[in-house]
Amino acid sequence: FCWSKGYFPSRLSSASIDRIMCAWVCLWTLFLAAYSEARPVRHQEPLRDLGSVSASSSWPLGVSGIESSGGEKCLRGHRCSSDDALLQLHARPSFQSSNADRLLAAITPVSLSLSIGTVKAESVVPVFSETESFMSFLIRWDEDLWQKSANLSLSCRSPDGLHKSRMEFWGGETDAAYKIFMAWRCAWPIADKGKNCHKIILQEEHDEQAVGSPQSVEVCHSADLYNRANYSLAACVRPVWDDPEHIEHAGILKLPQWLEYSAMHGIEQFLIYTSTASDPRILQAVEPYVQAGLATKVHMELPGKDDDQRVQDLMINDCLYRMKHHARWLMPSIDVDEYLRFNMDSSSDGVFPQAMNSAVERQGHVALLSASGAKHDEARVVTDVVHSLSFGRFNFRYPEDSLRLQLSSTWRESKVAPLCPKYVVRPSRAHALFVHWPTSTAPGTTSLALPSDHLVAYHYRTADATSTTTSDDRLASQEDELSALLHRRHGSSWHDFIRALEPQHPRAAPSAPSFVARPAAESLTPRWLEEPA
């Protein structure tokens, strides 16, 4: 219109009101067009509410990935922005206060285009507490990447520009063996703890000057579920496996009885992890615990099978940060065929959280005081530096009847298995975990190894009758009580429940299972695992 009137080109100094108005409108339109072109394109597919997903339905997609400034990953053919990158959501979960499904988060890997190369964060976890609040980017361990991060200046800021913090790097500062994850963390305002979604602007810098294009990551979780979490002891539960030929190996059957045994002994919350390959019957098995508020779900959008070791590696580290400052103790990698047994001579040891605190005081009193030279009345202060409790495992034979509870077996090997230990950890004092020990912990803290007469795991994992000749009924004596609790929880006897859950499984003779493991690590024999004299 302005052009047709002959107002352009013209000198504004001699322009009429019409010309000035047209010039203003055209300039404003050009600005809006340029701004619209620069903005990243959001995926417009209608969002689905995860609360409506049933046990038999497939899980909806969570966060789908991040667009790089170079446009390596774009959705539905949209051209990526050259000056910004935004995490796209295929289907954002609906985290409402009435989240009866108890879905805490749906996670997926995120790719970051940095000057040191493309870095993939397997998960981004918001952490809020009165002690510290930050965003944690969980990245698989890579020695070369760790060395490069020493020269990486990366900042996080809020979209409104009111908050900015420098990225910190944890995970490679120790000499621990078998590192599997590192954590990149940047401080975040605790005032945002009530929000379900958080947008993080990442910017590389050199001498306080921005370098390259900013990248924007959006991470979501259920703030209501997260902020209500405050537990003495929580457990991370990996996606379980199935075995159509040998029912005694099926994790889908081990899961409910392990959950009930653990709840019976004081575990207050289970973080149930599922992935794209998970059997939907898992949801059926855990539903009573979800309805009782004992379980919360986290879904992982990952390729591969649930028995992939990489899935467990991510699970234990993601779980660590979701429970950081929200659980005093955490069982990050105890499998559903491993049952903890404390010293039953003390009445408090039947309740796991109290037993752990008691074990630290009893064993740590001697070990840590002798090392530190502290006085007797300083014992409680000294033992507060423990970041984890390590313990060994007794290998147990499978029950002769594969449909009986695991702990009904009374036959085990005579000595603690010459394998790497398992452990419970203080989430507030760890930064990165391996299946068998923490690999990055708070400075000045230590692990405490407990002998088997104080804490041990009963591992129901073998069919070998020749090696399992030692009788031990300390957990078998709880079979009737556990059966009654399962009956009450699921509304049917254990036999009826598992037949309904696994009707297609044939009864087969026990045989040795195939394990996805790290042979080199599993073959280590720590000195402390030797039985005490």
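The chain folds into eleven helices and 26 strands, and the model behind that tally is a predicted one. Of the 533 residues in the chain, 54% are buried. Contacts across the sequence add to the picture: taking those in the chain with a separation of 6 or more, 75% come from residues 24 or more positions apart. As for the outside, the accessible surface comes to about 23,600 Å², and carbon and sulfur atoms own 52% of that.

One sheet makes a handy place to start. Five strands line up as β4-β5-β6-β10-β9 in an open sheet, with antiparallel pairing. The edges belong to β4 (110–114) and β9 (168–170), and each of these has a single partner strand, so one side of each goes without a neighbour in the sheet. The strands are not laid flat against one another in direction: on average, neighbouring strands of this sheet are turned by 35° against each other, direction ignored. As a general reminder, the strands of a sheet pair through backbone hydrogen bonds, either parallel or antiparallel.

At the β4 edge, the link to the next strand is a hairpin that takes two residues to get from β4 to β5. The two strands run antiparallel and are joined by five bridges, and one residue of β4, L112, has V119 in β5 as its bridge partner. L112 also belongs to the covered face of β4, together with V110 and L114, while S111 and S113 make up the uncovered face.

Moving one strand further in, β5 (residues 117–127) and β6 (residues 134–140) are also antiparallel, with six bridges between them. Helix α6 (residues 309–323) lies across β5, β6 and β10 (181–187), and runs at about 45° to β5.

P126 is worth a closer look here. This proline sits in strand β5, and its bridge partner in β6 is M135. With a relative accessibility of 1%, P126 counts as buried, the cut-off being under 20%. What does P126 touch, once its neighbours within four places in sequence are set aside? The list runs to F134, M135, H198, V219, H221, Y226 and R322. Of these, Y226 is 100 residues away from P126 in sequence, yet the two C-alpha atoms are 9.7 Å apart in space.

On the helical side, α5 (residues 281–291) packs against α9 (residues 479–490) with the axes 10 Å apart and at an angle of about 90°. That angle makes α5 roughly perpendicular to α9. Where do the two helices meet? Helix α5 brings A285, P288 and Y289, and helix α9 answers with L486, R489 and H490. Sorted by class, this contact has four nonpolar residues, one polar and one charged.

The buried residues of α5 are R281, I282, L283, A285, V286, Y289 and V290, so A285 and Y289 turn up both among them and in the contact with α9. In general, an α-helix has 3.6 residues a turn, so residues three or four places apart point the same way. The cover over the buried residues of α5 includes α4 (251–264), β14 (269–275), β15 (295–300), α9 and α10 (494–501). Just after α5 comes G293, with a positive phi of about 80°.

Positive phi values also turn up in residues other than glycine. R102, in the loop between β2 (87–89) and β3 (103–107), has a phi of about 50°. Buried or exposed? With a relative accessibility of 12%, R102 counts as buried. Y178, in the loop between β9 and β10, has a positive phi near 60°. At 30% relative accessibility, Y178 counts as partly exposed.

Finally, S440 belongs to strand β23 (residues 438–441). This serine is buried, at a relative accessible area of 0%. Leaving out neighbours within four places in sequence, S440 is in contact with W170, G171, E173, T174, A430, H431 and A432.

Terms used:
Residues numbered from 1 in each chain as written. Predicted model: local features only at pLDDT ≥ 70, side-chain atom pairs only at ≥ 80, totals over all residues. Heavy atoms only, no water. Axes fitted to C-alpha atoms, helices over the stretch in contact; angles between N-to-C directions. Helix = DSSP H or I, 4+ residues; strand = E, 2+ residues; numbered from the N terminus. Parallel < 35°, antiparallel > 145°, perpendicular 65-115°, else oblique. Contact = heavy atoms within 4.5 Å. Nonpolar A, V, L, I, M, F, W, Y, C, P; charged D, E, K, R; others polar. Pairing = 2+ DSSP bridges. Buried < 20%, exposed > 50% of the residue type's maximum accessible area, 1.4 Å probe, protein only. Areas by Shrake-Rupley, 256 points an atom, 1.4 Å probe, with all protein chains shown as cover.
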